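Some terms used for protein models need their rules spelled out. The questions below ask how such terms come to apply.

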Amino acid sequence: MTDKAAKWYWGIPLWILAIAFLAPFAWMLSTALKADVDAYKIPMQWIPDPFQWDNFKTVLVGETSVLASFGRSVFVAALRVAGELLTATMAGYAFARMTFKGRDKLFLLYLATAIIPAQLLLVPRFIYFQKLGLYDTLWALILPGMFTVLGTFLMRQFFVSQPAEFAEAARMDGANEWQIFSRIYLPLATPVLSALGILAFVWSWNDYETPLVLISSPDNYTLPLSLTNFVDEQGQIAPGLTMAASVVSIVPVLLVFVLLQRRFIAAMTHTGIK
Amino acid sequence: MTTTATVAAAPAVRAEKAPGIKPRGWIGFLFIAPNLLGVLAFTLIPLVSVIVLAFTDWNLVSGLGGITFNGLDNFAAIARDPGFWSAVGLTLVYVGVSVPLTVILGLALGIALNRPLPGRAVLRAIFFLPYIVNVVAVGMTWLMLMNPKAGLVNQVLDVFGIQPGWFASSHWALPALIVMAVWGGVGYCSLIYLSALQDAPRQLYEAADIDGAGVWAKFRTITWPSLLPTTVFLMVTLIIGASQGFGLIALITAGGPGDATTTISYYMYQTGFQFYRFGYASAIGLVTFVGVLALTLLTWRAQRGRALND
């Protein structure tokens with residue numbers, strides 16, 4: 001078998017498998033553009049006839065618009081990413097490149113904390129946030145996401161791999177610690193920063209369990225919660241609207257994925273955490 | 001706010017510092033302070049609280065003053081709670097089927113995607129896609145795809161004459177969740193394997209080719225051992241993930257039909273946030289955490305033992 005033939009010999013089955021993998025997304029898109037009566041037609045109708053663009057109109061600007069919750073998701077994600085990048089970078093840098101009393105013990109504590117599942121902390125957070133008046137506000141989602149152990153760990157691993165000589169030389173020249181951090185080491189960290197930023201964005205954007213527990217009023221729903229708006233009390237789903245809203249919810253992550261694919265995949269594969 | 005303090009503090013240090021001297025201890029602490037305070041407030045204090053709560057009998061209705069310590073009562077109750085043990089069993093089935101399946105299929109896919117293929121980059125992206133999409137969009141889609149009467153999945157299966165009831169059936173609801181989990185995780189596993197395969201020892205393959213080793217022999221003696229650490233890493237992360245998520249279950253089945261999909265994490269969620277039995281829920285959370293930790297360590301140990309034998 002020639003190389004080219006071998007390529008297709010494996011390529012064709014894999015492409016068929018890939019199309020099967022994509023089928024749920026294709027179904028989502030197709031249903032988003034259909035009238036509800038056509039959603040369960042047998043046999044399945046892949047190309048909507050007629051195209052029901054009204055579904056998108058309804059979920060975007062109609063009575064049940066998800067735009068407000070889209071905006072809340074953007075707000076939450078922006079603050080979480082900014083907070084995470086700032087606090088994790090500074091802490092990770094200090095753990096890696098600065099010496100102070102109790103540093104290694106503190107880092108050990110950080111490592112131990114990293115294995116605690118978020119679910120375990122939901123009960124006490126629920127109670128605290130109620131006492132603090134943060135329950136059912138977006139801050140209940142934002143604040144815990146701004147200070148993460150995992151981000152600190154990621155940044156520390158990066159700064160540890162950078163040479164210490166830069167800092168020593170800069171100190172000789174009279175630079176202070178903030179300058180050494182912000183002018184010398186921070187610019188080197190751009191790839192890791194973008195990886196952490198992508199991760200923090202995806203964590204925040206896709207988070208369903210935290211708002212499920214900590215947000216109660218529809219006026220504070222983030223996007224994943226608001227996708228459940230199109231299910232009535234009997235559990236009947238409005239297919240067209242639900243799928244149109246789902247498509248809208250996927251677009252930002254998809255954009256980040258397509259535009260920054262290589263970095264995105266590196267970020268996901270190097271931390272192994274969703 | 002702490003950040004501003006750090007910036008402001010920096011010039012003062014500069015004045016009193018001679019060149020070449022190690023930075024003062026408290027500066028490093030200032031760098032860590034913003035993150036540390038947040039971790040303290042939102043992770044460590046809640047952690048301590050959950051441990052304390054596990055030894056109390058408390059529900060939301062009785063208010064903070066209603067917290068009464070009941071020693072090990074919660075843990076004794078857990079041991080006798082049939083709902084808990086049913087949830088443990090279901091979780092073990094769910095984790096025990098979905099995790100190995102995801103890893104094995106991910107490995108096969110990873111090896112396949114490591115070959116020269118037409119449109120390889122696009123293929124890799126396609127398989128990874130389910131992993132990055134939010135659980136509600138994906139869950140709603142599968143719920144409709146697996147509609148027992150008119151869903152696409154059963155239309156396809158009709159060819160083989162089987163019509164599973166999926167989420168409407170107590171036998172098929174858990175398998176339906178497993179199908180979703182595998183679909184969602186395979187592409188991620190294959191990507192992790194891909195990056196590991198790229199570091200595989202090339203000379204060993206060349207030597208094996210000279211010795212005339214077959215495909216299977218090469219896989220067993222070279223590929224598999226070199227991928228073992230990756231496999232363990234994937235097993236551990238997937239076990240942790242699969243044993244903890246309750247979002248999909250809360251969304252699609254609410255633990256049902258009956259208690260057919262009430263896994264341990266959903267049972268905890270129900271106890272805490274539907275029945276407001278916070279003391280009991282905390283105890284369940286703690287027991288689960290210790291159980292998952294033990295399972296994780298066992299997986300890790302098993303791998304280390306095997307690596308030593310080789």
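What follows is a set of questions and answers on the contact, the charged pairs, the empty spaces and the annotations.

Q: What kind of model is this, and how are its parts numbered?
A: It is a predicted model, in which local features need pLDDT of at least 70, side-chain atom pairs count only at pLDDT 80 or more, and totals for chains, interfaces and linings use all residues. Residues are numbered from 1 along each chain as its sequence is written, chains are lettered from A and ligands numbered from 1 in the order in which they are written, and side-chain values use heavy atoms, without hydrogens and water.

Q: What makes a residue part of the contact of chain B and chain A, and how many residues does each chain give?
A: Contact means heavy atoms within 4.5 Å. By that rule chain B gives 96 residues and chain A gives 95 residues.

Q: How much area do chain B and chain A bury between them?
A: Buried area is the accessible area (1.4 Å probe) that two parts lose on being put together, summed over both. For chain B and chain A this comes to about 8500 Å², with 79% of it on carbon and sulfur atoms. On the chain B side, Phe31(B), Phe42(B) and Met144(B) lose the most area to chain A, together 10% of what that side buries.

Q: Why is the pair Asp207(A) and Arg80(A) called a salt bridge?
A: The term asks for a side-chain nitrogen of Lys or Arg within 4 Å of a carboxyl oxygen of Asp or Glu. The closest N and O atoms of Asp207(A) and Arg80(A) are 4.0 Å apart, so the pair is a salt bridge. The two residues are 127 residues apart: Asp207(A) is in the loop between α10 (190–206) and α11 (209–214) of chain A, and Arg80(A) is in helix α3 (residues 67–97) of chain A. Helices here are DSSP runs (H or I, at least four residues), numbered from the N terminus, and strands are runs of E of at least two.

Q: How many salt bridges are there over all chains, and how many across the interface of chain B and chain A?
A: The structure holds 4 over all chains. Across the interface of chain B and chain A the rule finds 0.

Q: What makes a space a cavity rather than a pocket?
A: On a 1 Å grid over the protein atoms alone, a cavity is a set of points where a 1.4 Å probe fits but cannot get out, while a pocket is an open set with protein on both sides within 12 Å along at least five of seven lines; lining residues have an atom within 4 Å of a point. Grid points are joined across faces, edges and corners, and a volume is the space filled by probe spheres set on the points. The structure holds 3 cavities of 30 Å³ or more. About 120 Å³ lies in the largest cavity, and about 780 Å³ in the second largest pocket.

Q: Which residues lie nearest the centre of the largest cavity?
A: Of its 13 lining residues, these are Gln119(A), Gln244(B), Met268(B), Gly285(B) and Thr288(B).

Q: How do you know which segments of chain B are annotated "transmembrane region"?
A: The UniProt record (unreviewed entry) lists them, among them residues 125–145 and 172–194 of chain B. UniProt positions are given in the numbering used here, feature names are shortened, and annotations may be inferred rather than shown by experiment. In the model, residues 125–145 of chain B are 90% helix, and residues 172–194 of chain B are 96% helix.
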